[in-house]
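Reader: Before we go through the labels, could you show me the model and then explain what stands behind each term?

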Amino acid sequence: MPILFKDLQKTKYIDCLHAMQAHVKKSPFSNEIWMTEHYPVYTLGRAASTEHIIHQTNIPVVRTDRGGQVTYHGPGQIVAYTMIEVKKFGLQPLELVSLLENATISFLATLQIKALANPDRRGVYINEQKVASIGLKMYQGKSYHGIALNLDTDLKAFDDINPCGYNDLKMTNLNQHYPLPFQLAKQQWFEHMVVQLEKIQHEH
């Protein structure tokens, strides 16, 4: 099954949310991965507690429909929105989470960066600091939302929240470990996602 790559450049979070919600209702449906960076925003998962916003700032807060707690999106962070017909790839939703983590880990390995996933605290970590956060939503067998990779984002924005609901969680940027141009990172990361999805397809 082909997977379409769309580079949305810089977007408002709410515009992407509405576009994703519309896309998963389309018939015929196409498997697509959209990559974007957002203007600064805090997003709260559907069951997230506002207690995890420690300080009110001028950054807007948006309640959304993904899983997970609060996170920050902003310039210098690549967000990959993965709209995939999960069952057609022979996947369960949690297996897609693992696949996206593994694609990120294999991408970072090509840069000689050792990264790990943590099944108790989903996402991708370098030296126990989080470099990629993940949260998905399912609609009639299709996934949307996705995974966000900190490339060169303002880590201070995470100081005003408990990222993903953890008060002891430290965040990191990929560029602290290996400087990589933004456009190149998007393309290479996407390619690793496609490889993982194609591998799963061949196994089923």
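Author: Lys130 is buried and has no salt bridge, and the nearest side chain of opposite charge, Glu101, is 7.6 Å away. This is a predicted model in which local features need pLDDT of at least 70 and side-chain atom pairs count only at pLDDT 80 or more, whereas totals for chains, interfaces and linings use all residues. Residues are numbered from 1 along each chain as its sequence is written, and side-chain values use heavy atoms, with hydrogens and water left out.

Reader: How do you know that Lys130 has no salt bridge?

Author: A salt bridge requires a side-chain nitrogen of Lys or Arg within 4 Å of a carboxyl oxygen of Asp or Glu, and because the nearest side chain of opposite charge, Glu101, is 7.6 Å from Lys130, that condition is not met. Lys and Arg count as positive here, Asp and Glu as negative, while His and the chain ends are not counted.

Reader: Why is Glu128 called exposed?

Author: The relative accessible area of Glu128 is 72%, and exposed means over 50%, buried under 20% and partly exposed in between, with a 1.4 Å probe and protein chains only; Glu128 is therefore exposed. Its phi is positive, about 65°, although Glu128 is not a glycine.

Reader: What makes Gln9 partly exposed?

Author: Gln9 has a relative accessibility of 45%, so it falls in the class between buried and exposed. Gln9 is also a residue other than glycine with a positive phi, near 60°.
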